[in-house]
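Subject: Structure handover

Hello,

Here is the structure we talked about, with my notes below it. Please look through the model first and then read on.

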Amino acid sequence: MSEVQILASVQQFMARQHGHFIGGEMIAAETAERIELVNPATEQVVSSIAMATQNEVAKAVQSADDAFRNAWANTSPYERGLRLNKLADLVELHAEELAQLETLTTGKLIHLARHLEVAQTVVFLRYFAGWATKINGQTMQPSIPSMQGEKYTAYSMRQPVGVVAGIVPWNFSLMIGCWKIGSALTTGCTIVLKPSEFTTLSLLRLAELAIEAGIPAGVINVVTGKGATGQHLINSPLVKKVSFTGSVPTGIAIGQQAMKNDLTRVSLELGGKNAAAILADANLDEILPTLLQATFVHQGQVCAAPERFFIHQSKYDEFVEKLTGAIQQIKIGSPLDESSMFGPLSNKPHFDKVKHYLDLANQNKQVICGGKALQGTGYFVEPTLLKVHGVDDPLFIEETFGPVVDVIAFESDDELIQMMNHSRFGLTASVWTNDLAKALRLIPQIEAGSVWVNMHTFLDPSVPFGGVKALGLGREFSDAFIEDYTELKSVMIRY
């Protein structure tokens with residue numbers, strides 16, 4: 001095994017006594033309480049972060065509000081786009097540093113951190129930058145009757161809502177953090193980010209790069225801590241929008257709290273129990289590599305990844321045999337080893353959660369392959385395939401957010417749709433077939449925010465992304481984000 005050499009700049013950054021990034025600089029924490037950051041592959045403490053107080057959160061929000069009303073408000077749309085593009089340049093320049101910070105704290109494979117996390121962060125920042133000069137209103141001709149020869153005209157305009165609270169999960173902290181930064185800054189808002197307490201370093205480093213990119217102090221702030229930190233942020237009267245990505249229970253609680261706080265705007269992108277339907281005509285040898293990659297990328301810790309496989313009865317046995325063989329060939333190893341195909345789960349609480357489901361599956365004799373936590377150091381589990389007893393099986397209903405997939409057979413299209421929609425979740429789904437006509441007939445019946453054909457999990461900034469049912473509110477990307485980060489103002493003129 002040959003592991004990647006950790007950069008000196010990464011070692012130095014991890015060794016810092018990190019505080020919070022407020023008003024364009026790293027400030028020392030007010031309290032001595034620290035949160036240890038653990039490398040999930042080795043279980044060694046690699047760094048620590050501060051626990052923000054209510055006062056520190058208030059300072060960060062005030063900094064963002066001051067920057068919104070002064071510095072960023074006086075920055076032209078063209079200049080906003082330039083600054084975001086400059087930040088993208090700096091992310092590219094420091095790509096290996098950021099990738100290593102992600103791998104050391106999330107267990108993400110180094111090649112995935114480089115080629116997905118960091119590379120796509122650049123793509124999304126540039127995409128958002130392009131929208132900065134394209135946020136427009138409309139002109140209208142009212143139908144108000146003229147009484148004394150007067151005339152009327154009207155127009156609408158979009159204005160930024162103000163300070164955004166961005167609450168970021170641990171699975172793709174840099175990339176998802178930049179989705180929120182890009183959406184906020186493009187529309188003229190400012191932001192206070194609260195990263196996960198497990199994966200904080202890459203966003204703290206990004207905040208420093210933002211100043212180097214010429215983004216004014218206070219436009220991007222980062223406060224660190226646990227759930228209480230996020231609660232302080234949501235409850236601030238200066239926060240005008242909350243953007244949350246994370247679990248369904250937490251998202252529902254945040255949405256309810258935001259609505260109580262004078263109807264604070266909220267967008268929620270939550271987890272999922274996503275479905276993949278393999279139809280009778282699918283060529284299993286052809287689709288298996290793509291399906292396998294989409295399923296087990298980052299050890300299945302992807303909100304869009306499939307967990308429920310629906311296989312046409314005629315292909316069920318063949319599919320189970322071939323998928324089992326493919327899973328057993330996956331090389332599990334250190335995320336810093338460039339030859340590894342599968343790394344650890346990202347943190348101990350999540351490892352315990354997934355292990356609970358594996359133990360349940362073993363007790364019920366539902367394991368087809370995998371099903372065990374690896375002995376030794378690190379939060380490693382085997383990629384796992386399970387059979388289920390029906391669509392009401394707890395293992396088929398509850399989200400594992402890990403490398404655990406369930407397989408069930410179907411016979412008719414009607415049965416397939418009924419089973420796919422038998423879930424309170426509706427983020428993504430996929431249909432695997434060479435029969436385009438059948439796919440096009442099935443797509444409108446599938447209750448999901450995104451439906452792929454012969455692919456799964458892939459996102460593109462030009463395509464809106466979000467869920468239905470218990471999977472959230474609002475949409476990311478495309479031009480759909482503009483509505484969530486701006487207020488629509490109507491102007492009517494009599495002359």
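**Cavities**

Three elements, β10 (239-245), β11 (265-269) and α16 (481-485), each supply at least two residues of the lining of the largest cavity. Please keep in mind that this is a predicted model. The volume of the largest cavity is about 80 Å³. Its lining is made up of 15 residues, and those closest to the centre are Ser-267, Leu-473, Gly-474, Arg-475 and Glu-476. By class, the lining of the largest cavity splits into five nonpolar, five polar and five charged residues. In total, the structure holds three cavities of 30 Å³ or more.

The second largest cavity takes up about 60 Å³. It is lined by 14 residues, of which Arg-308, Met-420, Thr-428, Glu-447 and Ala-448 are the closest to its centre. At least two lining residues of the second largest cavity come from each of β12 (274-278), β17 (425-426) and β18 (428-432). The classes here are seven nonpolar, four polar and three charged.

**Strands β12 and β13**

Arg-308, one of the residues closest to the centre of the second largest cavity, is also the bridge partner, in β13, of Ala-275. The two strands concerned, β12 and β13, run parallel and are joined by five bridges. Strand β13 covers residues 306-312, and seven of its seven residues are buried.

**The annotated active site**

Which residue carries the UniProt feature "active site"? The record, an unreviewed entry, places that feature at Glu-269. Glu-269 lies in strand β11, one of the elements that supply at least two residues to the lining of the largest cavity.

Is Glu-269 buried or exposed? Its relative accessibility is 2%, so Glu-269 counts as buried, the limit being under 20%. Setting aside neighbours within four places in sequence, Glu-269 is in contact with Phe-244, Thr-245, Gly-246, Cys-303, Leu-427, Phe-465, Leu-471 and Glu-476. Among these contacts, Glu-476 is one of the residues closest to the centre of the largest cavity. Phe-244 and Gly-246, also in contact with Glu-269, belong to the residues closest to the centre of the largest pocket, which comes next.

**The largest pocket**

The largest pocket holds about 910 Å³ of space. There are 40 residues in its lining, and Trp-170, Phe-244, Gly-246, Ser-247 and Thr-250 are the closest to its centre. Helices α8 (227-235), α9 and α12 (348-363), together with strand β10, each supply at least two lining residues. The element that gives the most to this lining is α9, with six residues. Sorted by class, the lining of the pocket has 19 nonpolar, 13 polar and eight charged residues. Strand β10 thus appears in two places: it supplies at least two residues to the lining of the largest pocket and at least two to that of the largest cavity.

**Positive phi values**

Two residues other than glycine are worth a look for their backbone angles. Glu-43 has a positive phi of about 65° and is not a glycine. Its place is the loop between β3 (34-39) and β4 (44-50). With a relative accessible area of 38%, Glu-43 is partly exposed, because that value falls between the limits of 20% and 50%.

Leu-263 also has a positive phi, near 55°, and is likewise a residue other than glycine. It sits in the loop between α9 (248-260) and β11. Its relative accessible area is 61%, and because exposed means over 50%, Leu-263 is exposed.

**Domain record and Pro-394**

The UniProt annotation "domain: Aldehyde dehydrogenase", again from an unreviewed entry, covers residues 29-491. That span is 39% helix and 21% strand, and its end C-alpha atoms lie 46 Å apart.

One last residue: Pro-394 is in helix α13, residues 394-397. Pro-394 is partly exposed, with a relative accessible area of 41%. Its C-alpha atom is separated by 34 Å from that of Ile-110, and the two residues are 284 residues apart along the chain.

Regards

Terms used:
Residues are numbered from 1 along each chain as its sequence is written. This is a predicted model: local features need pLDDT of at least 70, side-chain atom pairs count only at pLDDT 80 or more; totals for chains, interfaces and linings use all residues. Side-chain values use heavy atoms; hydrogens and water are left out. On a 1 Å grid over the protein atoms alone, a cavity is a set of points where a 1.4 Å probe fits but cannot get out, and a pocket is an open set with protein on both sides within 12 Å along at least five of seven lines; lining residues have an atom within 4 Å of a point. Grid points are joined across faces, edges and corners, and a volume is the space filled by probe spheres set on the points. Helices (H or I, at least four residues) and strands (E, at least two) are DSSP runs, numbered from the N terminus. Ala, Val, Leu, Ile, Met, Phe, Trp, Tyr, Cys and Pro count as nonpolar, Asp, Glu, Lys and Arg as charged, and the others, Gly among them, as polar. UniProt positions are given in the numbering used here, feature names are shortened, and annotations may be inferred rather than shown by experiment. Buried means under 20% relative accessible area, exposed over 50%, partly exposed in between (1.4 Å probe, protein chains only). Contact means heavy atoms within 4.5 Å. Two strands pair if DSSP finds at least two bridges between them.
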